[in-house]
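This report follows one part of a structure from its nonpolar interior outward to a pocket. The sequence and the model are shown first, and the description follows.

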Amino acid sequence: MAQKNQFYVVWNGKTPGIYSSWAACKAQIEGFPGARYMGFPTRTAAEKAYKAPYEQVQRERPPGKGRNPAVLKRVGVPNYHSIAVDAASSGNPGIMEYQGVDTRTGQRLFRQGPFPEGTNNIGEFLAIVHGLAYLKKKGSDRILYSDSKTAISWVSRKKCNTRLEESENNRQLFDMVRRAEEWLRTHTYTTPVVKWETRAWGEIPADFGRK
């Protein structure tokens, strides 16, 4: 069983440093535009990471544990001519952000958030639509990976079927949802949206490392 994170590194926040609880980390990133942070199971791992640039740590982070060789044999290896998207939320609702990366290199292609009041499913939905728009604009024939069956189904139906209610705190996020739904209704795309096989390949490369 994988170790849970006990320490959090904040590279870009109110006060960068190493924090020994999610609550302390959250206080440093909440409401801070472009916050960059990541969780680690030990202080040693956190201290080592803090000495390196965030982008390097994100790129070199090993894939998640719990991979199943039988599933890998069945599904094969990922198609690295692709991008991967993911979202993370510190609650339901909670602080949410999403990003897209190059599957092979881990290079970040886009990132949005943190948003003060969102859900993981909303983030996953927005990440897929953002990725589709990104690839269409680039004229790229790469595929797109997401590890969220829910978000993939929402995109297929062109509707973010969230139960979260709109409020003053999340109005910006809902505006983005409406724009994403409109983009799906008014644009065509040929990019295959494929489920990332976590049991075979570990955590998706776009994972935020909060687990």
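## Core, helix and pocket

In this predicted model, the largest nonpolar core has 29 residues, and those touching the most other members are Ile-122, Phe-125, Leu-126 and Ile-128. Two or more residues are given to this core by each of strand 4 (82–89), strand 5 (94–102), strand 6 (108–118), helix 5, helix 6 (149–157) and helix 7. Helix 5 provides the largest share of this core, namely 8 residues. Apart from this core lies another one, of 10 residues, which includes Phe-7, Trp-11, Ala-46 and Ala-52.

Helix 5 itself has 19 residues, which at 1.5 Å a residue should span 27 Å, and its end C-alpha atoms are 27 Å apart, so the expected and modelled spans agree. Its buried residues are Ile-122, Gly-123, Glu-124, Phe-125, Leu-126, Ala-127, Ile-128, Val-129, Gly-131, Leu-132 and Leu-135. Just after helix 5, Gly-139 adopts a positive phi of about 70 degrees.

Two residues of this helix can be followed through their contacts. When residues up to four places away in sequence are not counted, Ile-128 touches Val-85, Leu-144, Ser-146, Ala-151, Ile-152, Val-155 and Val-193. Glu-124, also found in helix 5, has a relative accessibility of 2% and therefore counts as buried, the cut-off being under 20%. With neighbours within four places in sequence left aside, Glu-124 is in contact with Val-85, Asp-86, Ala-87, Ser-146, Asp-147, Ser-148 and Ala-151.

Helix 5 also takes part in a pocket, the second largest, whose volume is about 200 Å³. The lining of this second largest pocket consists of Tyr-98, Leu-126, Val-129, His-130, Ala-133, Tyr-134, Met-176, Arg-179, Ala-180 and Trp-183. At least two residues of that lining are supplied by each of helix 5 (120–138) and helix 7 (171–186), and the largest share, 5 residues, comes from helix 5. The make-up of the lining by residue class is tabulated below.

| Class of lining residue, second largest pocket | Number |
|---|---|
| Nonpolar | 8 residues |
| Polar | 1 residue |
| Charged | 1 residue |

Taken together, helix 5 gives the largest share of the largest nonpolar core and likewise the largest share of the lining of the second largest pocket. Leu-126 appears in both descriptions, being listed among the core residues that touch the most other members and among the residues lining the second largest pocket.

Key. Residues numbered from 1 in each chain as written. Predicted model: local features only at pLDDT ≥ 70, side-chain atom pairs only at ≥ 80, totals over all residues. Heavy atoms only, no water. 1 Å grid on protein atoms, 1.4 Å probe; cavity = no way out; pocket = protein on both sides within 12 Å on 5 of 7 lines; lining within 4 Å. Points joined across faces, edges and corners; volume = space filled by probe spheres on them. Helix = DSSP H or I, 4+ residues; strand = E, 2+ residues; numbered from the N terminus. Nonpolar A, V, L, I, M, F, W, Y, C, P; charged D, E, K, R; others polar. Core = buried A, V, L, I, M, F, W, Y, C linked by side-chain atoms within 4.5 Å. Buried < 20%, exposed > 50% of the residue type's maximum accessible area, 1.4 Å probe, protein only. Contact = heavy atoms within 4.5 Å. Expected span 1.5 Å × (residues − 1).
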